[in-house]
Structures are given as structure tokens and as C-alpha cells.
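Welcome, and thanks for having your viewer ready. Let's walk through this structure one selection at a time.

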Amino acid sequence: MNYQLINLKVFGDTRGSLISIEGRNNIPFDIKRVYYIYDTTPGIARGKHAHTDLEQIIVCVNGSCKFLLDDGIRKEIVELSRPDLGLYIGKNMWREMFDFSHGCVLMVLANKHYDENEYIRDYDKFLKEIIT
Ligand code: TYD
């Protein structure tokens, strides 16, 4: 499975907590894009795609949500519920996000600019692409 959970160091003191993410330092790539998902409609699922050429780190900076991760052979569910945990997802992994809590904010760091051409949004096409 081309995913990994990364523990992020927390700089905490009596004032609160701070986490720093630096490209090629505590994550494996240089960051070219940041986006965040919030105000999700209750009960909805998002994602439902794979990337042929993209690496991402996802941090649930508030609330919680679940990820279904699927490499075409195995499926695993990962829950993100803390801001000091990064979920790395590499290429050719189908992902679906669901069970968003109220107030959930997902921050996503990516190694490339947005390119719709490297998305696979059809599950059958995903299965065909990974076996070829
Ligand atoms: P979408 O891929 O449907 O989001 P999710 O993976 O959470 O289900 O993206 C929603 C819209 O945002 C879609 O019109 C594409 C656009 N978008 C960008 O313009 N830039 C980006 O970096 C991303 C991730 C999405």
C-alpha cells in the first residue's frame, strides 16, 4: 500500500502547540500546492479518485475524518483525528474520505500543481491502469 502515517513533532509549551512542516525535511517532497477542505456537508463522501502522478500529505488540523485507501488489491481504513499526524498518499492509490466530523478541516500538501489530467475518477479505469 502506497501510504504511510507520519508523526509530526509538536512544539508545545504553556502557550499552546505548534507544528512545522518543511518540504524534504519532515515530509518526503517539496511542497508546491496547499489546499484545505472544510464545511463538508454532513454524511457526504469526497475524493473517490486516484492520482497517476501526485504525492500528498494530509493533516486533519481540526475534527476527524476517515480515509478508505485502496491499491486495487487491498482496502484499508485510516482515521485522522489529530493535527500531529500526517497521512502520506503516493501515486496510484484510490482514496475516499468520509465520516467528516462537524468542524473537520483537512489540510492537504501536494508536490505538484493542480492537473485534472493526472486524476483517475473512474474506479474501473483505476483497476485497469494498475494492472497494466
Ligand atoms: P474535487 O477533486 O472534487 O475534490 P475532492 O477530492 O475533495 O472530492 O475538487 C473540487 C473542485 O476543486 C474541482 O472543481 C476541482 C477544484 N480543485 C482545484 O481547482 N484545485 C485543486 O488543487 C483541487 C484539489 C481542486
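Which residue forms a salt bridge with lysine 66, and how far apart are the closest N and O atoms? Select lysine 66 together with aspartate 99: these are the two partners, and their closest N and O atoms are 2.8 Å apart. Before going on, keep in mind that you are looking at a predicted model.

Now colour by secondary structure. Lysine 66 sits in strand β7 (residues 65–70), while aspartate 99 is in the loop between β10 and β11, so the pair ties together parts that are 33 residues apart in sequence. If you would like to hunt for others, a search of the whole structure finds nine salt bridges.

**Next stop: the ligand**

Select the ligand and show the residues around it: Arg33, Tyr35, Ile37, Arg46, Gly47, His49, Met97, Tyr114, Tyr119 and Arg121. Sorted by class, this shell holds five nonpolar, two polar and three charged residues. Two strands to highlight here are β4 (33–37) and β5 (46–51), each of which supplies at least two residues of the shell.

Zoom in on the arginines and try your distance tool on these pairs:

- Arginine 33 has a polar side-chain atom 2.4 Å from an oxygen atom of the ligand.
- For arginine 46, a polar side-chain atom lies 2.8 Å from a ligand oxygen.
- Arginine 121 places a polar side-chain atom 3.0 Å from an oxygen atom of the ligand.

Then switch on a surface for the ligand. On its own the ligand has 540 Å² of accessible area, and the protein covers 60% of this.

**Last stop: the largest pocket**

Hide the ligand and turn to the largest pocket, with a volume of about 190 Å³. It is lined by 16 residues, and those closest to its centre are Tyr35, Ile37, Gly47, His49 and Met97.

Which strand gives the largest share of the lining? Select β5, which contributes four residues. For the wider picture, add β4, β6 (56–62), β10 (94–98) and β11 (105–110); these strands and β5 each supply at least two lining residues. Colour the lining by class to finish: eight residues are nonpolar, four polar and four charged.

Key:
Residues numbered from 1 in each chain as written. Predicted model: local features only at pLDDT ≥ 70, side-chain atom pairs only at ≥ 80, totals over all residues. Heavy atoms only, no water. Near = heavy atom within 4 Å. Polar contact = N/O pair within 3.5 Å; in protein donor to acceptor, adjacent residues only side chain to side chain. Areas by Shrake-Rupley, 256 points an atom, 1.4 Å probe, with all protein chains shown as cover. Nonpolar A, V, L, I, M, F, W, Y, C, P; charged D, E, K, R; others polar. 1 Å grid on protein atoms, 1.4 Å probe; cavity = no way out; pocket = protein on both sides within 12 Å on 5 of 7 lines; lining within 4 Å. Points joined across faces, edges and corners; volume = space filled by probe spheres on them. Salt bridge = Lys/Arg side-chain N within 4 Å of Asp/Glu carboxyl O.
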